[in-house]
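Please examine the structure shown below together with its sequence. The paragraphs that follow lead through selected residues, ring contacts and a pocket.

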Amino acid sequence: MRQRCITPVGFVQALLAASLPLSGAGAGMPPDTLWLVGRPDARTQEFGLTDEGYAQFDRVFPGPVRFTVGRSAIKDWPFVHPAPRDSWAGGREHTFTLRFSRDAPAGPACWLVLGLAGAHRSERSEVQVRINDLDLPPQLAPAGSMHLVFQPDGVGDPSSLVFALPPEALRHGDNEIAITLRHQSWILYDYLALRTVPEPLPIATPRVKETLLAGPLHDVREVVFAARKIGSDGHWYANIGYYSDWEFAPPGQAVHLDGDKRVTYLPGGRLGVLDVATGGVRWLIDDPDGGVRDPVVHYDGRTVLFGYRRGGSEHYHLHTIQADGTGLRQLTDGDYDDFEPCWLPDGDIVFVSTRAKRWVNCWITQVATLHRCDAQGGNIRAISANIEHDNTPWVLPDGRILYQRWEYVDRSQVDYHHLWTANPDGTGQMVYYGNQHPGVVMIDAKPVPGSSKVVAIFSPGHGQREHAGAVAILDAERGPDEPSAARYVTRATDFRDPWAFSEDAFMAARDGEIVLLNGSGSVAALYRLPEADRQAGLTLHEPRPLIPRRWERVIPPAVDPAEATGRVILANVYEGRNMTGVQPGDIRKLLVLETLPKPVNFTGGMDPLTYGGSFTLERVLGTIPVEPDGSAYAELPALRGLFFVALDKDDLAVKRMQSFLTVQPGEVVSCVGCHEQRTRTYLAPQSLAALRRPPSRPEPIADCPDVFDFPRDIQPILDRLCVDCHDYTPGPAGGPYAGGVVLSGDHGPMFSHSYFTLTVNRLFRDGRNEPKSNHEPRELGSAASRILTLLDGSHYGATATDHERRMMRLWIEVGAPYPGTYGALGCGSIGGYSENNQVHTDFDWPTTRAGAGVIARRCASCHTGERALPASLSDEIGLSFWRFSLDDPRLQFSRHIVFNLSRPEQSLLLLAPLAPEAGGYGVCRSGTESDAVFAGRDDPDYRRLREMVRAGRDYLAEIKRFDMPGFRPREAYVREMRRYGVLTVGEPDSITNPYHLDQAYWRSLWWKP
């Protein structure tokens, strides 16, 4: 067996490989079969390459495939056999060699049977078999089913090829069979067998439906489910509401309108009840213009709670109806979406809602977080302060809520969406499973009856539409970070909304079907939508049995709505993982930061907030003391997303949270230390020193803003200490362009030159957009940021004051943002981004076309490959706008630094090729080494480049950046502020000051007793 290291990147693959049983040669071998490789079941899952996928053939099998019967592992034989037309496997012939031993010198005639589970439908290969030194007559591969090559855990269409082996070709002892495909394309193996009869083996197809209906499902008479159409947005959460820029039509994408708004959903929704015995369906709701989702059956087995967007309405609200179709009742209303509900054992309801009034930080849709209400839809209260989505809450047998929480506090936005728990009142929020392992969305989790396990959908990567993914079983009692705690039931990733009857019996939705699955992943259809409905785009969702169920334990509430705060007890800041080198006494304070929700958002990247870093603004609340024994006791504002940075005696960062905590009003929550082991207990050696006094409220940091803005707060420090040397022109202390570094605040197409330079030269250290957690001590933040060292007097005497140093340090700790307002989003950039598409571009400007001609004519002979220059102010020269490497050499030629839109003549694009005697740098040479490209400013091509940059300056003055006089946020920002009630008609001063408007928006979300 190959052994693979389980790394965070390989976490999902490692789980998958460990999840399903392997079959070796000889397994289940009938008497007329001499040997058998694989299982004759019309499936390929036991063979190799099913974990990695067919396209990884050359990587997983770089050499010839050689297999010895009885000795090789079944994974050493690939499930797919490529042929010359398969470019993903090198576009060549591949010979698979199978060796076996024969004991008798003579014996009965033998036949080689190749059992197939699929083959290319039209490009049918010629299959050539050689036994020892004899070529057998070739056979044409059948035209087979193709879906298993993409979903190798499914069931294929069985077929076979039977080759007669002449007795004289078989040897006593070792024999060798070589199989080669010629001319066309692939086949998929189900099994290979050497038989004494010229017949394929019978295909064993599990009687999944009959077995489960007679067993764990014997009491299930009816199943309630939803049917709806799915929009074109590929994100798992993009299924409610309108897009932020609802008039924008992304190139090449389908656009769905509800009135004048572009929306995520499509019209057409039903709520149905399936009669399991007859297969008949009665429709409780059939709304051609509406939408239905998330039905959940009450403990009584008859009342159904669900989300319903009535035709003519744009919002989902909670409704109930009886299973016989009577008593339809609307519970919630308003200008927000309420969906994914679940009954609570105390009689109330938990659900997710866009009443959180925030938008996805890396997309253009609204966020829904955990809320609760009473059984009549009243007394609605948020119980989560997440600035990203919470999804699919469900009650565990012990009364806690299990749900999916998406978060990224200064780490990758596409990798952390795992399972968490909370009490029904929102207290006790705690990771359940997966938050240290990036790369899968764990969602739609529910308990497995009779066990401590849960069933969930593991949706690959950043998740698929409407939660589609693989069905998985999870035993979190092994620990929240233990890979072996999860087992994949299926490899295919097109299942949705699983329901467990036992560890070996599941129901789920799959496109237009409701299916049953056993614990081995075998699938049988329970119900299929009529063909006309499927052709119309309807798909099935959320099948749940209409049966009574037991009430879970009721957890008494621990919230005091009259309180504005909660309390946090930290036992020992030094107790935890990855704390090497941190000694008792090193940590003196905890810096308390708040991650701030966005009132709107316009694209999938972080621009212009940072360049490749954080997607959010963060607020400085202050510091709380850490006692000598490592304990801390804090009183913190309720229902805010807070996190800590541990500081040393010099106020430098020692350790940093990359998650957030929330306290409910009146809650007292405790933790052990920094990233403690969740599977271990901790007993303090004595009473905690911090508990001998009242809790500390965060002490504000004097003379510093709570939300930082680079041009306003940091650039003045650089101007005083750095720009003399690090400008485009000489200063009294030196320069110009000392060390090839520019720290002036001139505008580039999206950022200032100083901000871009600090970022790409790693002068500060943030979490970037990396799928990494629990960094080494002092690896992130102020302690790891060179800019602070350069300002301590050791670098040419540049010495920051205490106040300047504090400002710089705190700016780094809050993620080093460029603008200090969300009003800057989606505007003020040439070649900015809307829904990951560039907008406000200059590609077609006459000045740009002329300048691009100059670059091609006068520069491109030297500037090739990684040295290529941008041909326009919008040209990214192949760099990702959201996830790039700081080691990429192309950054030195980025559009963000070569064009100066504040002082066009000081653009590096103009200074580098201009002769020194004309005021340039003379870096770029033409002809002999002594000749600058441009001898003077009167060169026509120099003037063309200058006009190209000047046009950018003039356009930026027209569209305006957040730090320019007369700046106004986008209309969608203003629209949402009015929707939230933060801004009313007649407040023009607030509109032109987004800093004040942001603060008013955030305050409007604070818990008020």
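Ala472 is buried, since its relative accessible area is 1% and the buried class covers values under 20%. This residue belongs to strand S31, which spans residues 470–474. The model is a predicted one, and in it the C-alpha atom of Ala472 is separated by 59 Å from that of Arg858, a residue 386 positions away along the chain.

A second long separation involves Arg968, which is found in the loop between H12 and H13. Its C-alpha atom and that of Pro694 are separated by 45 Å, with the two positions 274 residues apart along the chain. In contrast to a buried residue, Arg968 has a relative accessible area of 41% and is therefore partly exposed, as this class lies between the limits of 20% and 50%.

The aromatic side chains may be taken next. Aromatic pairs number 40 in this model. One of these brings together Tyr611 and Phe751, whose ring centres are 5.4 Å apart; because their planes meet at 55°, the pair is classed as tilted, a class that holds angles neither under 30 degrees nor over 60. Tyr611 is placed in the loop between strand S39 (589–595) and strand S40 (618–625), whereas Phe751 is placed in the loop between helix H5 (710–721) and helix H6 (753–760), so the pair ties together parts that are 140 residues apart in sequence. Both Tyr611 and Phe751 are buried.

A further pair is formed by Tyr818 and Phe962, with ring centres 5.1 Å apart. The planes of Tyr818 and Phe962 stand at 85°, so this pair is edge-to-face. This pair, too, links distant parts of the chain, 144 residues apart: Tyr818 is in the loop between helix H8 (802–813) and strand S45 (832–834), and Phe962 is in the loop between helix H12 (940–959) and helix H13 (971–979). Tyr818 has a relative accessible area of 0% and is thus buried; Phe962, at 8%, also counts as buried.

How do these two pairs relate to the other rings? Tyr611, Phe751, Tyr818 and Phe962 are members of one aromatic cluster, which also includes Phe710, Tyr755, Phe756, Phe764, Trp811 and Phe884.

Rings also meet charged groups in this model. Arg293 lies over the face of Tyr316, at 5.9 Å from the ring centre. In another such arrangement, the charged end of Lys446 is set over the ring of Trp394, 5.2 Å from the centre of that ring.

Helix H6 offers a polar contact to inspect. Thr757 is located in this helix and, with a relative accessibility of 4%, counts as buried. A polar atom of the Thr757 side chain lies 2.7 Å from the backbone oxygen of His753.

The last feature to consider is open space. Rolling a probe the size of a water molecule over the atoms shows where empty space is left. The second largest pocket has a volume of about 820 Å³. Its lining comprises 35 residues, of which Tyr737, His863, Gln892, Phe893 and Ala912 are the closest to the pocket centre. H6 is one of the elements that give two or more residues to this lining, together with helix H9 (846–859), helix H10 (895–898) and helix H11 (908–911). By class, the lining of the second largest pocket consists of 23 nonpolar, 7 polar and 5 charged residues.

Conventions. Residues numbered from 1 in each chain as written. Predicted model: local features only at pLDDT ≥ 70, side-chain atom pairs only at ≥ 80, totals over all residues. Heavy atoms only, no water. Phe/Tyr/Trp six-rings, centres within 6.5 Å; stacked < 30°, edge-to-face > 60°. Helix = DSSP H or I, 4+ residues; strand = E, 2+ residues; numbered from the N terminus. Buried < 20%, exposed > 50% of the residue type's maximum accessible area, 1.4 Å probe, protein only. Lys NZ or Arg CZ within 6 Å of the ring centre and 35° of its normal. 1 Å grid on protein atoms, 1.4 Å probe; cavity = no way out; pocket = protein on both sides within 12 Å on 5 of 7 lines; lining within 4 Å. Points joined across faces, edges and corners; volume = space filled by probe spheres on them. Nonpolar A, V, L, I, M, F, W, Y, C, P; charged D, E, K, R; others polar. Polar contact = N/O pair within 3.5 Å; in protein donor to acceptor, adjacent residues only side chain to side chain.
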